[in-house]
Amino acid sequence: RRDARDREDREGPESEVALDLTLTNTSRWMAHGRDGYSRKGREEGNASAYYSLPRLVTRGTLSIDGQQYEVTGSSWMDHEFGSSVLEADQVGWDWFGLQFDDGRELMLYQMRRRDGSRDPFSSGTLMNRDGSIVRLSRDDYVLEPLETWRSSATGTTYPTRWRVTVPGQRVSFEVRAAMNDQELH
């Protein structure tokens, strides 16, 4: 989003942008939760069917006002579907999908409760380079907010930088949001 806004400031809102990509799966798919059933709350049915294709080779073209650029990279595709909503004491979540240089992939999320605590249904999945899966419960990792941003539109405060630690996997790093204002209201 930041790039689109910066471009709009430079080139005006009339710029034409087109993206033509081919994504090729190069790793095993990751099922989250129990056999792809990701529980999100105490109430029956507060869950989703959820899987990821975490390492897609991505190639194609980006066109801006008729100027074409060849692009390559690695993408992550999530597919989550269900009919549940947040429970009354759940007010939001922090989600991470990460590709590591050593070939591992990590998906983590924590749902935030109204009282500021982490919801017990927060979880994660680590896929090792060999395709083996490690299921992570809320107690297997820590997402520590280091910075926050407060919305002037709603007054809600959101984490924007975290320290992520998965002690049992010897993983520790920091993550920063690309931009603060990503609120959907």
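## Exercises on salt bridges and a three-stranded sheet

In this predicted model, Asp 139 and Arg 138 form a salt bridge in which the closest N and O atoms are 3.7 Å apart.

**Exercise 1.** Classify each partner of the salt bridge between Asp 139 and Arg 138 as buried, partly exposed or exposed.

*Solution.* Step 1: the class is buried under 20% relative accessible area, exposed over 50%, and partly exposed in between. Step 2: Asp 139 has a relative accessible area of 64%, so Asp 139 is exposed. Step 3: Arg 138 has a relative accessibility of 25% and therefore counts as partly exposed.

**Exercise 2.** Determine which parts of the chain are linked by the salt bridge of Arg 112 and Asp 94, and whether each partner is buried or exposed.

*Solution.* Step 1: the N to O distance between the two side chains is 3.3 Å, and the criterion for a salt bridge is within 4 Å. Step 2: Arg 112 belongs to strand β7 (residues 105-113) and Asp 94 to strand β6 (residues 90-99); with these positions 18 residues apart, the pair links distant parts of the chain. Step 3: Arg 112 has 17% relative accessibility and so counts as buried. Step 4: Asp 94, with a relative accessible area of 3%, is buried.

**Exercise 3.** Describe the sheet that contains β10, β11 and β12, and state which strands stand at its edges.

*Solution.* Step 1: the sheet is open, its three strands follow the order β10-β11-β12, and their pairing is antiparallel. Step 2: β10 (142-150) and β12 (171-176) each have a single partner strand; they therefore stand at the edges, and one side of each lacks a neighbour in the sheet. Step 3: neighbouring strands are turned against each other by 20 degrees on average, direction ignored. Step 4: six bridges connect β11 (residues 157-166) with β12 in the antiparallel sense. Within β12, Glu 174 is the residue that Arg 163 stands opposite.

**Exercise 4.** Characterise the salt bridge between Glu 147 and Arg 176, and identify the network of salt bridges that includes them.

*Solution.* Step 1: the side chains of Glu 147 and Arg 176 meet at 3.1 Å, N to O. Step 2: Glu 147 lies in strand β10 and Arg 176 in strand β12, 29 residues apart, and the pair links distant parts of the chain. Step 3: Glu 147 is partly exposed at 32% relative accessibility, whereas Arg 176 is exposed at 52%. Step 4: through shared partners, salt bridges join Glu 144, Glu 147, Arg 161, Arg 163, Glu 174 and Arg 176 into one network.

Conventions: Residues are numbered from 1 along each chain as its sequence is written. This is a predicted model: local features need pLDDT of at least 70, side-chain atom pairs count only at pLDDT 80 or more; totals for chains, interfaces and linings use all residues. Side-chain values use heavy atoms; hydrogens and water are left out. Two strands pair if DSSP finds at least two bridges between them. Helices (H or I, at least four residues) and strands (E, at least two) are DSSP runs, numbered from the N terminus. Axes are lines fitted to C-alpha atoms, for helices over the stretch in contact, and angles run from 0 to 180 degrees between N-to-C directions. Buried means under 20% relative accessible area, exposed over 50%, partly exposed in between (1.4 Å probe, protein chains only).
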